[in-house]
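Subject: Structure for you to look at

Hello,

Here is the structure I said I would pass on. Please have a look at it before reading the notes underneath.

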Amino acid sequence: SDLFDIDANGIVHVGAKDKATGKDQSISIQSSGGLSEADIQKMVNEAEKMKEQDKIRRELVDLKNEADTSIHTTENSLNEHRSKLSPQDVEEIEAEINSVKAMMAEQDISKDALK
């Protein structure tokens with residue numbers, strides 16, 4: 001059987017017993033030089049910053065996907081109903097589609113630009 005335990009001081013205790021022989025083996029693992037409180041706080045702060053950046057990146061991907069879908073749907077509708085629209089309406093719709101496509105092509109596009 002195996003035993004794995006971490007005590008309140010962060011010391012890891014690992015033990016094992018050979019079922020066939022009944023022999024016990026154990027070891028304790030202790031950190032020789034932990035992180036300072038400042039190091040830990042710095043790591044926590046960096047993780048929080050990355051969390052926010054990841055959230056923004058995920059929202060941006062969702063917005064781009066939404067825009068792609070809207071473009072595709074609009075282009076299909078335009079092609080299907082082009083004959084029923086005035087040339088001016090067709091031109092305006094195509095200009096808007098091209099505007100959104102151009103925005104999406106930019107590397108550093110902001111969330112607010114797509115909304």
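The notes below cover the salt bridges and then a patch on the surface. Please keep in mind that this is a predicted model.

Salt bridges

How many salt bridges does a search of the whole structure find? The search gives three.

One of them joins Arg-57 to Asp-54, with 2.9 Å between the closest N and O atoms. Both residues belong to helix α1, which covers residues 37-81. They sit three residues apart there, so about one helical turn separates them. Arg-57 is partly exposed, at 47% relative accessible area. Asp-54 is also partly exposed, with a relative accessibility of 38%.

Another salt bridge is formed by Lys-101 and Glu-75, whose closest N and O atoms are 2.8 Å apart. This pair ties together distant parts of the chain: Lys-101 lies in helix α2 (residues 87-105) and Glu-75 in helix α1, with their positions 26 residues apart. Are these two buried or exposed? Lys-101 has a relative accessible area of 38%, so it is classed as partly exposed. Glu-75, at 26% relative accessibility, counts as partly exposed too; the class begins where buried ends, and buried means under 20%.

The remaining entry is a salt bridge between the side chains of Glu-94 and Arg-82, at 3.1 Å from N to O. Here too the pair links distant parts of the chain, twelve residues apart. Glu-94 is in helix α2, while Arg-82 is in the loop between α1 and α2. Glu-94 is partly exposed at 31% relative accessibility, and Arg-82 is partly exposed at 33%.

Nonpolar surface patch

Which residues form the nonpolar patch on the surface? They are Phe-4, Ile-6, Val-14, Ile-27 and Ile-29, and together they have about 480 Å² of accessible area. Strands β1 (2-6) and β3 (24-29) are the elements that each contribute two or more residues to this patch.

Ile-29 can serve as an example from the patch. This residue is found in strand β3. Its relative accessible area is 46%, and it is therefore partly exposed. A patch residue needs over 30% relative accessible area, and Ile-29 has 46%.

Regards

Definitions and conventions
Residues are numbered from 1 along each chain as its sequence is written. This is a predicted model: local features need pLDDT of at least 70, side-chain atom pairs count only at pLDDT 80 or more; totals for chains, interfaces and linings use all residues. Side-chain values use heavy atoms; hydrogens and water are left out. Patches are made of residues with over 30% relative accessible area and no salt bridge: like charges are joined within 9 Å, nonpolar side chains (Val, Leu, Ile, Met, Phe, Trp, Tyr) within 5 Å. Accessible areas come from the Shrake-Rupley method with a 1.4 Å probe; for residues, only the protein chains shown count as cover. A salt bridge is a side-chain nitrogen of Lys or Arg within 4 Å of a carboxyl oxygen of Asp or Glu. Helices (H or I, at least four residues) and strands (E, at least two) are DSSP runs, numbered from the N terminus. Buried means under 20% relative accessible area, exposed over 50%, partly exposed in between (1.4 Å probe, protein chains only).
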